[in-house]
Amino acid sequence: MNEAIITTGRKFQKNSIELAKKISEKLKIPFVERKNLSTENLLKNHGVKNILIAKKNSLRLTTKSGEIFFHPSLAHLRIKNILKGEGDRMIEAMNLKSGMKILDCTLGLGTDSIVESFIVGIEGKVTAIEINPYLAAVVEHGFKNFSDDNSNVIESMRRIEIVNADYFEFLKRAETKSFDVIYFDPMFRHSLNRSSSLNSIREVADNRALSIEAVEEAKRVARNKIVLKENSKSREFERLGFKKICGGKYSPIHYGVIEIE
């Protein structure tokens, strides 16, 4: 049984059909004509959990919990704050510099990856991993096609390489000392935000806890450091050996750091 199908919006648009058929071939999922059906009916009729919807300028993912789409709004705000000199705790924990090579093991909707790419610049490189093929497709399409008047955000997202893979398997195949910084953000397992939009993402997100084995592989692959984003009260830092903790005293989010010697 297929886990997903792809269709278009209800309004007929030739380029939407072309995009849907292209994604159908890439992901090996059926293309289904919309025929004015609701997403609820499509989910029921085809017995799937996921529907990718190709529209004129976007690719969206619908699950029983809601719709997921790409928008760089938070990255836009964070980059704006960085340019104003306000800083960014993730960037400070990672100690990112222009020209660095970053492995972001948990892409999600791509906000952190865009900010990382902005900092490392055209001389650097961000490779972002997403295990869910449908979420990866949505964000990859957004990175390549979303446009507005903020050139810093657009140029940063265009440079990111997205890889649909299990990050542990990717790390096992990666060359030793091949990335400057490796970043993990498994926050969707227990997000502090209970909004309906994040509930949709939780349904397709990788909900596994970070393993000690993955951290050990990351130690081999990283040149400078490994950074883990977690709830400030989490015991994951201690379990996984992250002894240096960065974050504000009252912040709900902290970053654990392992320095590579």
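These are my notebook entries on a sheet, some helices and a pocket in a predicted model.

**Entry 1: the sheet.** I began with the strand order and found an open sheet of 7 strands, running β7-β6-β5-β8-β9-β11-β10 with mixed pairing. At its edges I have β7 (161–164) and β10 (244–246), each paired on one side only. Ignoring direction, I get an average turn of 20 degrees between neighbouring strands. I then looked up one pair: β5 (residues 101–104) and β6 (residues 125–130) are parallel, with 4 bridges. Within that pair, Asp 104 has Ala 128 of β6 as its bridge partner.

**Entry 2: helices on the sheet.** I see α6 lying across β6 and β7, at about 165 degrees to β7. Helix α10 (residues 212–221) lies across β8, β9 and β11, and runs at about 145 degrees to β9.

**Entry 3: a helix pair.** Next I checked α3 (residues 73–83) against α5 (residues 111–120): their axes come within 8 Å and cross at roughly 35 degrees. I noted the crossing as right-handed. Among the contact residues are Leu 74, Ile 79 and Ile 82 of α3, and Ile 114, Val 115 and Phe 118 of α5. By class, I have 9 nonpolar, 1 polar and 2 charged residues in this contact.

**Entry 4: the second largest pocket.** Its space comes to about 230 Å³. Which residues lie nearest its centre? I found Asn 57, Ser 58, Leu 59, His 141 and Phe 146, out of 14 lining residues. Back to α6 here: this helix gives the largest share of the lining, 4 residues, and β3 (59–63) also supplies at least two. I sorted the lining into 6 nonpolar, 6 polar and 2 charged residues.

Conventions: Residues are numbered from 1 along each chain as its sequence is written. This is a predicted model: local features need pLDDT of at least 70, side-chain atom pairs count only at pLDDT 80 or more; totals for chains, interfaces and linings use all residues. Side-chain values use heavy atoms; hydrogens and water are left out. On a 1 Å grid over the protein atoms alone, a cavity is a set of points where a 1.4 Å probe fits but cannot get out, and a pocket is an open set with protein on both sides within 12 Å along at least five of seven lines; lining residues have an atom within 4 Å of a point. Grid points are joined across faces, edges and corners, and a volume is the space filled by probe spheres set on the points. Ala, Val, Leu, Ile, Met, Phe, Trp, Tyr, Cys and Pro count as nonpolar, Asp, Glu, Lys and Arg as charged, and the others, Gly among them, as polar. Axes are lines fitted to C-alpha atoms, for helices over the stretch in contact, and angles run from 0 to 180 degrees between N-to-C directions. A crossing is left-handed if the near helix is turned anticlockwise from the far one by less than a right angle, and right-handed if clockwise. Contact means heavy atoms within 4.5 Å. Two strands pair if DSSP finds at least two bridges between them.
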